[in-house]
Amino acid sequence: MRNIAPRDASAIEALEQREWLESLDYVIQQGDRGRVQRLLATLRHRARMAGVALPFTAVTAYVNTIRPEDETPLPGSQEVERRIKSLVRWNAMAMVVRANRLSEGIGGHISTYASAATLYEVAFNHFFRGKGKDGDGDLIYFQGHASPGIYARAYLEGRIPLEKLENFRQELAGGGGLSSYPHPWLMPDFWEFPTVSMGLAPIMSIYQARFNRYLEDRGLKKPSDSKVWSFLGDGETDEPEALGAISLAAREKLDNLIWVINCNLQRLDGPVRGNGQIIQELEAIFRGAGWNVIKVLWGTDWDPLLARDHDGVLAKRMGEIVDGQYQKYAVESGAYLREHFFGADPRLLDLVKHLSDEQLKKLRLGGHDPVKVYNAYKTAVEHKGQPTVILARTIKGYGLGEAGEGKNITHQQKKMNEGDLRSFRTRFGIPISDEEIAEAPFYRPPDDSPELQYMRERRKMLGGFVPSRTVRVEPLVAPTEQIFEEFYKGTEGRKASTTMVFVRMLSKLLRDKEIGDLIVPIVPDEARTFGMESLFRAVGIYSHVGQRYEPVDMDTLLYYKEAQDGQILEEGITEAGSMSSFIAAGTAYATHAVNAIPFFIFYSMFGFQRVADLIWAAADSRTRGFLLGATSGRTTLAGEGLQHQDGQSHVYSLSVPNCLSYDPAFAFELAVIVQEGIRRMYKEQESLFYYLTVMNEQYEMPAMPDGARDGILKGMYRFRPAADRKAKLRAQLLGSGAILNEALAAQTLLEKYGVAADVWSVTSYQELYRDGHAADRWNMLHPGEKPRVPYVAALLEDAPGPIVAASDYLKVLPDSIDRWMPRRIRSLGTDGFGRSEDRRDLRNFFEVDARFIALAALAELAQDGEIDRKIMAKAIKDFGIDPGKPNPARS
Ligand SMILES: Cc1ncc(C[n+]2csc(CCOP(=O)(O)OP(=O)(O)O)c2C)c(N)n1
Ligand SMILES: [Mg+2]
C-alpha cells in the first residue's frame, strides 16, 4: 500500500467527513427519523463486523432530551397555574413553620416540596387521572417528604379543613391532624401508598404497574391506559431497592409506569454526588436497563443560548461541571456565574453578553419550567413499549432564598424569620400584609377566585381529586366448608408436612368456583422446594407474552407452563420483588376493587428477617393476604443450618399490629386459620394479613378434636389431656408447630415417672399476648367494672403442676405470656445460631426434644419439692443427655 503523507491524510479525512455528513444531512432533511436510525444502525453493524471496536456510551450530552422545536405549548393558563403553585408553596411552607412554632422540633420539610412544586403542579393540572366514574385512575406514589405540598393543595381544593392543616404532625390533637408522611393506615381516605421509607416506593411502583397488567391479562380488570407514577428523590436512588428491579420494568415493557426523579442534586447532609453528576449516572443506568429516559435539565430561558451554541461549547461546558459546583452556582450571584461558568471560554462570555447579572441569575432550570415539565410528561404518557424515567433538574429549597435555597442545611430547615417570610411572600406574590407576615398565616383565596375555580375545573376534567383512597369492592362470599372438610378429618395414617397440606389446600382454593380466580400465588423461585410444581401446569405461570419457547419438560405432566393468563407470580430470586407483588395484590381491593387473595410463600428465614420493612409497608398499606414462611423452624429444617433456619420470624411478626401470626402443628389447625382468614379479610373486609409458618417434617395429621376451633383461632387449646387426671404429679406441656409432637412424646415419657401431663397446642403466642395485654389495659381503665380475664389465664386457671412450653422459635415467645400463667412458665426454644444437622440432633442441640421437655417438667417438680432431685439425675441418665454439652444460646 502506498504511504500517504500526514498532511494529505488529514485533508482526506476532512473531505471524507464532509461527504458523509452531507449524506447524513440529506437523509435527515427527508424528515424520516426512522430512516436515519436504521442507516446508523447498519453502519455500526458493518463497522463491528469489520472488527472496529466502537466505544460504548450510555449517556447523552448534558442537555434536554426533548428539543424545543418538538415541544407543544402548555394548554390552559400558565399564569393562573403559576399563581396556584405559589399558593400551594406558601401554605406548604406555612404548615411546617407554624407546626414548629407551636411545638418546637415537631419537624416537617419545606425544601423537598419547594424543589418539586412544578413537577407536581403540572401533573395535577394536566396529567394525574382521578378514579372518576369508572374507578380506573392513575396510581401515584408521592415522595414522602413532599407531603406538606400535597396537603396544602388539598386545602386549597377544599378537601382538608384549616384545623387539620394547623395540626400537621399533631394527629392526636382534638379534631384530628395530618400524618407526617403518606400513611394509608392513618389517613385511609387520602393516601394510597406509604412512601417514606426511601427506596420502597420505587420498587413497589414497578410491581404495581406489572400487577395492573396481570389483572388485565387475566381478565380481572378492564384494560386501561391508566398510569403508575412514582416520584422520588435523587438521593433515594442510592437505596438498593430503588433501582434493584428496574430491569423487570423494561423487560415487561411497562409503558404504564412513569418515574419522576427530582434531581435537586442534594440529599439530607449534602450533595448526592458532589464530585460527579447524578443525572448522567442515572441516565446511564436507566438507558442500560432499557428505559426511556427524558432529561429535563434547562428551562426555556436557556433555549436561545443553546440554539446559538453552534460549535457545542456551551453543551460541553454544561457537561463538565460537577454537581457540587452546580450547587454553588445555585446559591451565588449572576456575576459569579458569569465569571466562573461562562468565563471558562470567551465564546461563552460572548453568548451571554446581552444578559445582565440579574438575568443570568434568573435563568431557570428545567424542573422549574412548566413548559419543559409538561412536554416531558406528555412524551412519557404517550411513549409505548418502555417505562419512562424523567430526570428533572431542580434546586432544593427553591424560593427559600437566604433561609436555605440550595444550601446544605436546607433539608431540615423548618424555621423562617420575619425577613425570610417577607421575601418568600414577595417572590411568590402572596397577598399577605407586612403586619400579618410574622404569623406566617395560611392563605386561601375565596372559593370563586379564578385560581380555585381553575383548580377544581382541571381536577374535574381529569376524573376527580388525587390522592384519594376509596374502597369500592363488594365483600366476598367466603369459600364453602367443603374445601376444608378433608383437613378436619386428618390424614388417616398417611404422613404429611404442614407445607404439603398447605399446597393441597391452595390447589383446592384455586379450583374453587367462587374465589379460585382471585387467588394469587407468589413464589420467589422455591416452588419445587415447597412441592408446589404441580401448580405450574394446573394454573400456569404468569407471563405477559405467554410462552415463546417449547419448554424442555413439555412431555412431562407437570411441565413449566408460562401463559398470558397464568395465575402464579413466579418472581425469581427476589423477596423484595415478591413482597411488592404481595402488596400490589393485597391492596387490589382498594386500588382496583378486586378482592385478590395473595399467598406469598417464601423460605421463612428470608421473610421477616430479609424484607421486614416491606412487610411494615404492607401493614401500613392495609394489605390483605397470607404470608407463608415455609421450611420454618430452627430444628425442623434439617441440613441447611445457620443460613436458613428461622427461629425468630414469630418474634418479628409480633411487632406488626395488623399481622396475625400462627405456628400451626396440624392440617386441621391450618384449615381453620386459612378459612377464618379469608372470612375476616374478604367477607368482613378487615384490614389484616396473616403470617403462617409451615414446616417440612412429615407426620400423621390427626382429626380435629371437638370444640378445638375457637381455641385454634384464639391461640391455644388442649389437644390431648392427661390419661390420669387424678394423678398426684401433674404437668402442663405447651407445644407449637412440629414441636407439638415432641410435647406429645414427652407426655408419654413423663408417665414413666408417674407424672400425668396435659398437652396444649399453642397456635399463636401473639394472639395470647395481645389478648392478655388488652384485658390488663381494660381492667386498669375500668376499676369499677367486673375485671376481664385474659383467654390464656382462664384456660390454665385450674391446670395443675408446672408449665413447660417448647417451640422451634426463641424462648421469648412463651415468656411473653408468662404474666397470665398460674405459675412461672418454663420456656424451651431455639435461641442461638443454627447448625446443619438432622432433626434429631438439632433438637438435642437446642434442647427442645421430648427428653428435654420431660426433664424441664421434672426439674420444676423437684423445685416444688414434689419429687426428689435424684429423679432428675436419673432422667438425665435414662435420656442419655450430656450435662456438659455447650449452651446452644451462646455457641
Ligand atoms: C430508608 C430511609 N433512610 C433514611 C431516611 C431519612 N431521609 C429522609 S429524606 C432524606 C434525604 C432525601 O434526599 P433525596 O432523596 O434527594 O430527596 P429530596 O428531599 O432531595 O427531594 C433522608 C436521608 C428515610 N426516610 N428512609
Ligand atoms: Mg435530592
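Let me start with helix α12, where Glu320 and Lys316 both sit, four residues apart, which is about one turn of the helix. The side chains of these two residues, Glu320 and Lys316, meet in a salt bridge, with 3.5 Å from N to O. Before I go further, please keep in mind that what we are looking at is a predicted model. As a general reminder for anyone new to the topic, side chains of opposite charge can pair when their charged atoms come close. Where does this pair stand with respect to the surface? Glu320 counts as partly exposed, at 40% relative accessibility, while Lys316 is exposed, with a relative accessible area of 56%.

Now let me turn to a pair in strands, Asp758 and Arg730, which form a salt bridge whose closest N and O atoms are 2.8 Å apart. Asp758 belongs to strand β18, residues 755-762, and Arg730 to strand β17, residues 729-735, so this pair ties together parts that are 28 residues apart in sequence. Are these two residues buried or exposed? Asp758 is buried, with a relative accessible area of 1%, and Arg730 is buried too, with a relative accessible area of 7%.

A search of the whole structure finds 60 salt bridges, and I would like to show you another of them, in which the side chains of Arg347 and Asp311 meet at 3.2 Å, N to O. Arg347 lies in helix α15, residues 346-351, whereas Asp311 lies in the loop between α11 (303-307) and α12 (313-320), so here the pair ties together parts that are 36 residues apart in sequence. As for their surroundings, Arg347 counts as partly exposed at 45% relative accessibility, and Asp311 is exposed, with a relative accessible area of 51%. Salt bridges can also be joined up, as you can see where Arg33, Arg67, Glu69 and Asp70 are linked in a network.

Let me move on to the surface patches. Which residues form the negative patch? They are Glu13, Glu16, Glu19, Glu22 and Asp25, and if you would like a place to look for one of them, Glu22 lies in helix α1, which covers residues 6-29. There is also a nonpolar patch on the surface, formed by Trp20, Leu39, Leu40 and Leu43, and together these residues have about 370 Å² of accessible area. Helix α2, residues 33-49, gives the largest share of this nonpolar patch, namely three residues. Leu39 is found in helix α2, and at 35% relative accessibility Leu39 counts as partly exposed.

Finally, I come to the magnesium ion, which is ligand 2. Which atoms of the protein act as its donors? They belong to Asp234 (OD), Asn264 (OD1) and Gln266 (O), and they lie 2.0 to 2.2 Å from the ion. Along the chain, the donors of the magnesium ion follow the spacing D-x29-N-x1-Q. Asp234 lies in the loop between β2 (228-233) and α8 (240-244), and Gln266 in the loop between β3 (257-263) and α10 (278-289), so this pair ties together parts that are 32 residues apart in sequence. Asp234 is buried, with a relative accessible area of 1%, and Gln266 likewise counts as buried, at 3% relative accessibility.

Definitions and conventions:
Residues are numbered from 1 along each chain as its sequence is written. Chains are lettered from A and ligands numbered from 1 in the order in which they are written. This is a predicted model: local features need pLDDT of at least 70, side-chain atom pairs count only at pLDDT 80 or more; totals for chains, interfaces and linings use all residues. Side-chain values use heavy atoms; hydrogens and water are left out. Patches are made of residues with over 30% relative accessible area and no salt bridge: like charges are joined within 9 Å, nonpolar side chains (Val, Leu, Ile, Met, Phe, Trp, Tyr) within 5 Å. Accessible areas come from the Shrake-Rupley method with a 1.4 Å probe; for residues, only the protein chains shown count as cover. A salt bridge is a side-chain nitrogen of Lys or Arg within 4 Å of a carboxyl oxygen of Asp or Glu. Lys and Arg count as positive and Asp and Glu as negative; His and the chain ends are not counted. The place of a charge is taken as NZ of Lys, CZ of Arg, CG of Asp or CD of Glu. Helices (H or I, at least four residues) and strands (E, at least two) are DSSP runs, numbered from the N terminus. Buried means under 20% relative accessible area, exposed over 50%, partly exposed in between (1.4 Å probe, protein chains only). Donors are N, O and S atoms within 2.8 Å of the metal (3.2 Å for Na, K and Ca); water is not among the atoms, so sites may look incomplete.
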